[in-house]
Structures are given as C-alpha cells and as structure tokens.
Amino acid sequence: MRGFLERQLRSDGFDVLAFQSTQEVPTAAEPDVLVLGDPDELEHVVPDCPVIVLGRRDDAVRALARADDYLVRPFAYEELVARIHAVLRRCPPRSDRLRIGPLEIDRAARRVVVDGRDVPLAQKELAFLVKLASDPDRVFTREQLLRDVWGYRTWAPTRTVESHASRVRCKLAAAGLAGWVVNVWGVGYKLRPTP
C-alpha cells in the first residue's frame, strides 16, 4: 500500500517521503501532513503537522484521540486525497517562526519564547497557541479548535479546550503576558496581545 500511495500521490502533485516506520523519518523533515498505515505508530509521533491514520474500523476511536483524521481500510484513493486537502485547508500557515510582540513561536524547534525566556508547553498546548497566533485578531470557536487542534469531527462533550486554554494562559502570564489568551464567552478563544 505504501508504494502504491507514494506513486499515486506523486503523480497527483504531492511531494512524498515514504518510510516503513515513523522512527525512520528524518528529524529535519517538516511534513505538511503525515499519513500513517498503523495506529500504533501514533505512539512515536510528536507532530508539528496533522496526522491521518489508515486502519481497521475497530481502531478508529482510539486513534482519533491523537490523530486529526481516520480512514477505514479498504478506502477509495480519491477519498484519501480529499481528506488530505481538507486537513491542509484547516492548518495554520507553515512558517517556522511566528512573532507577535514579545511572543515568538518557533514551530520547527517546538519552542515558545517570551522576551528571550523559554516557555515550556506540552504538544497540544503548543498546537493550541499556534492556532490562536496564526490569526491573532480572530476568535476561534470551540468547535473549530476541537476540530483543528484535537481532530474532533463532531461536537463532543469535553472540557479539553478549556483546560488547555487555562494552562496556556497561566504559563504565558507567568512569562509576563497576562491576559493574552482570552475567552470570548459563549464563542471561543482568541489571542489578545497587550499594547
């Protein structure tokens, strides 16, 4: 399957790197999307990009806890291509560095710096902050954040967004950026840099 997808995706204009395992992916590689053929590979992925998993129906729920999308095998190649395009449309622009005033996010290094000091963030905390920083004046709805950061495809009764927002807010406040993660009541979250 890997060889078939590599040939087909290349013929459709994608730049493709194919490996037997995520552990073989070079650390310098900066993919726009990862397509995994085995849900167990999610254990070895700390992606700075969306992940689509191809697997059995009974692995879908477990995989979607960490992946952005899931496609049950056997699948239509055209559906995979459509899902890749859909995931790429949702992603913030891939630039190595985002700078907003004293806040700097280095996506390649997975590093957040405020006035020269590192702010340690967990994987999803960083993804949440990158999403807000990709368009600082925009209010992202809770549903958009669940979809784009956590990969939820439908409404879910979870406090994940709220708990991550609270942790990021506290960490930024401790670094001197109090009030930057703003809860717009009943809508979602935005990044509000202080003047």
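A salt bridge is taken here as a side-chain nitrogen of Lys or Arg within 4 Å of a carboxyl oxygen of Asp or Glu. The model is predicted, so local features need pLDDT of at least 70 and side-chain atom pairs count only at pLDDT 80 or more, whereas totals for chains, interfaces and linings use all residues. Residues are numbered from 1 along each chain as its sequence is written, and side-chain values use heavy atoms, with hydrogens and water left out.

**Exercise 1.** State how many salt bridges the structure holds, and identify the residues linked in a network.

*Solution.* Step 1: applying the criterion to the structure gives 15 salt bridges. Step 2: a network of such contacts links D40, R56, D58, D59 and R62.

**Exercise 2.** Describe the salt bridge between R10 and E6, and classify both residues by accessibility.

*Solution.* Step 1: the closest N and O atoms of R10 and E6 are 3.0 Å apart. Step 2: both residues belong to helix α1 (residues 2-11), where they are four residues apart, about one turn of the helix; helices (H or I, at least four residues) and strands (E, at least two) are DSSP runs, numbered from the N terminus. Step 3: buried means under 20% relative accessible area, exposed over 50%, and partly exposed in between (1.4 Å probe, protein chains only). Step 4: R10, at 45%, is partly exposed, and E6, at 23%, is partly exposed.

**Exercise 3.** Examine the pairs E104 with R97 and R142 with E162, and determine whether each residue is buried or exposed.

*Solution.* Step 1: E104 and R97 form a salt bridge with an N to O distance of 2.5 Å. Step 2: E104 is buried at 15% relative accessibility, whereas R97 is exposed at 51%. Step 3: R142 and E162 also form a salt bridge, their closest N and O atoms being 3.0 Å apart. Step 4: R142 lies in helix α5 and E162 in helix α6, so this pair ties together parts that are 20 residues apart in sequence. Step 5: R142 is buried at 16%, and E162 is buried at 17%.

**Exercise 4.** Characterise the largest nonpolar core and name a helix that supplies residues to it.

*Solution.* Step 1: a nonpolar core is a set of buried Ala, Val, Leu, Ile, Met, Phe, Trp, Tyr and Cys residues joined through side-chain atoms within 4.5 Å. Step 2: the largest has 28 residues, of which L103, I105, F128, L145, L172, V181 and L191 touch the most other members. Step 3: the elements that each supply at least two residues include α4 (123-133), α5 (142-150) and α6 (160-174). Step 4: α4 gives the most, with six residues. Step 5: a second, separate core of 14 residues includes V16, L80, V81 and I84.
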